[in-house]
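The following exercises ask you to read secondary-structure packing from a set of coordinates. Work through each task before turning to its solution.

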Amino acid sequence: MSTRPVVAVVGRPNVGKSTLVNRILGSRQAVVEEKPGVTRDRREFEAEWAGKEFVLVDTGGWEMKPAAGIEMSIREQAEAAVSGADAVIVVVDAHTTLSDDDTGMIAVLRASNLPIFLAANKIDNPSDESLVDGFWALGLGRPHPISAYHGLGVGDMLDALVAVLPEPPAADDEDRLPRLAVIGRPNVGKSTLLNKLVGEERVIVSEQPGTTRDPIDVEFVLDDRRYVIVDTAGIRRRPKITEDTDFYAVLRARDALQTADVALLIVDATDGVTHQDQRIAREVVEAGVGLVILLNKWDAIDEEQREATELSLPDRFAFVGWAPALRISAKTGARVGRLGSAVEAALEARMSRMPTGRLNRLVREWTAAHPPPVRKGRRPKIHYVVQAGVAPPTFVLFLAGGDLGDDYLRFLENRLRNEEDFTGTPLRLLSRRRRQP
């Protein structure tokens with residue numbers, strides 16, 4: 001997942017947003033045309049100014065009262081871009097009076113509490129700079145007179161912009177490596193697996209539960225790729241936590257899960273899938289982390305136990321049926337070699353993106369064949385869908401009418417998984433009430 005800050009460029013149609021994006025990028029990557037509405041989907045570009053890297057998002061024209069259809073979809077795309085931004089550049093035409101679209105948009109953005117930079121565009125020579133004086137009244141601080149076409153004033157605005165962008169985390173070697181968290185109940189073989197992967201007795205292994213108290217970070221290589229693996233304390237049920245040290249060990253294990261890219265959930269095959277294993281898997285889903293299930297001690301159970309465990313998997317882990325399940329022995333290393341490909345698949349799926357056009361076409365087909373059920377006398381209608389982010393893949397559904405229930409969201413998730421390989425990663429589907437024009 002990129003740690004670069006995000007800057008959204010917004011404004012009503014045909015004020016020069018894409019021209020400004022191209023000026024900042026130093027190349028013609030955004031489509032520019034005199035006809036308004038050329039830019040529809042938001043587009044992301046890698047940008048840099050004064051040594052500061054950031055993601056620049058070009059959006060379509062923002063209208064306060066868009067007509068139904070594509071105009072409303074364009075605005076919703078712009079709103080989605082702003083929702084994930086660290087700062088916003090609002091572009092206005094300095095030669096025209098502020099329209100209702102301009103003032104309404106600025107009022108909406110001001111409520112976001114994001115840093116806002118007002119770019120008064122089309123100041124093509126210094127004598128026109130007095131045109132921006134009236135923009136002080138908007139309460140956004142200093143307006144920036146610029147010419148996106150000629151580049152005048154753009155550098156000064158960017159200097160001010162990058163000064164307020166958040167600093168990315170320190171880019172040392174470890175921070176760039178995927179993080180794997182080994183989690184599970186006490187005494188299921190977490191430390192044994194870590195030692196097997198690392199190739200040395202890096203952490204203490206004992207038959208006594210609770211040996212591991214602090215998360216242990218170790219760098220290692222699997223299938224020619226480097227990772228950081230984190231061994232954690234066994235996550236117990238709260239009533240069974242009897243000491244302060246146990247309590248804080250479990251908290252630290254959960255913190256380690258929050259910073260992981262993929263969780264390796266170890267299940268003791270001699271016990272089968274327990275209710276606590278289910279609770280831990282739910283915590284993984286809530287954290288938005290990739291998941292690989294490892295049925296450990298597989299070689300220590302007989303055929304009857306194996307059959308019973310296999311039969312219990314679809315039932316006990318139905319809500320994470322998208323997670324690969326490997327049968328391994330951490331002690332002997334049997335089948336541990338399959339772990340690398342499972343982890344890589346989860347990491348790749350976690351960063352997957354679906355094109356907006358294809359996404360909406362599919363959702364229209366699914367809802368036409370299976371409309372959302374009526375709730376409280378109203379049938380919800382999905383007008384538009386965008387993928388708002390990755391790690392995990394997150395989809396925002398803009399609705400009118402009633403509400404979508406959890407059952408219908410699960411239906412849509414299953415359809416998405418049938419279309420795209422999201423093996424090993426949870427998905428997030430968020431519904432949002434569409435603003436009325």
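Two strands are taken to pair if DSSP finds at least two bridges between them. The model used here is a predicted one.

**Exercise 1.** Determine the order in which the six strands form an open sheet, and identify its edge strands.

*Solution.* Following the pairings from one side to the other gives the order E2-E3-E1-E4-E5-E6, and the pairing along this open sheet is mixed. The edges are then the strands that pair on one side only, namely strand E2 (43–49) and strand E6 (144–145).

**Exercise 2.** Describe how strand E4 pairs with strand E5, and state which elements helix H3 lies across.

*Solution.* Begin with the strands: E4, residues 87–93, and E5, residues 116–121, are joined by six bridges in the parallel sense. Within this region valine 92 has alanine 120 of E5 opposite to it. Next take helix H3, formed by residues 100–110, which lies across strand E1 (6–10) as well as E4 and E5, and which runs at about 170° to E4.

**Exercise 3.** Classify the packing of helices H10 and H11 by angle, handedness and residue type.

*Solution.* First, H10 (residues 356–369) and H11 (residues 406–419) pack at an angle of about 125°, their axes being 11 Å apart. Since angles of 65 to 115 degrees count as roughly perpendicular and those over 145 as roughly antiparallel, the two helices are therefore oblique to each other. Second, the crossing of H10 past H11 is right-handed. Third, the H10 side of the contact includes Leu362 and Trp366, and the H11 side includes Phe411 and Arg415. The residues of this contact comprise seven nonpolar, one polar and three charged.

Note on methods:
Residues numbered from 1 in each chain as written. Predicted model: local features only at pLDDT ≥ 70, side-chain atom pairs only at ≥ 80, totals over all residues. Heavy atoms only, no water. Helix = DSSP H or I, 4+ residues; strand = E, 2+ residues; numbered from the N terminus. Contact = heavy atoms within 4.5 Å. Axes fitted to C-alpha atoms, helices over the stretch in contact; angles between N-to-C directions. Parallel < 35°, antiparallel > 145°, perpendicular 65-115°, else oblique. Left-handed = near helix turned anticlockwise from the far one by under 90°. Nonpolar A, V, L, I, M, F, W, Y, C, P; charged D, E, K, R; others polar.
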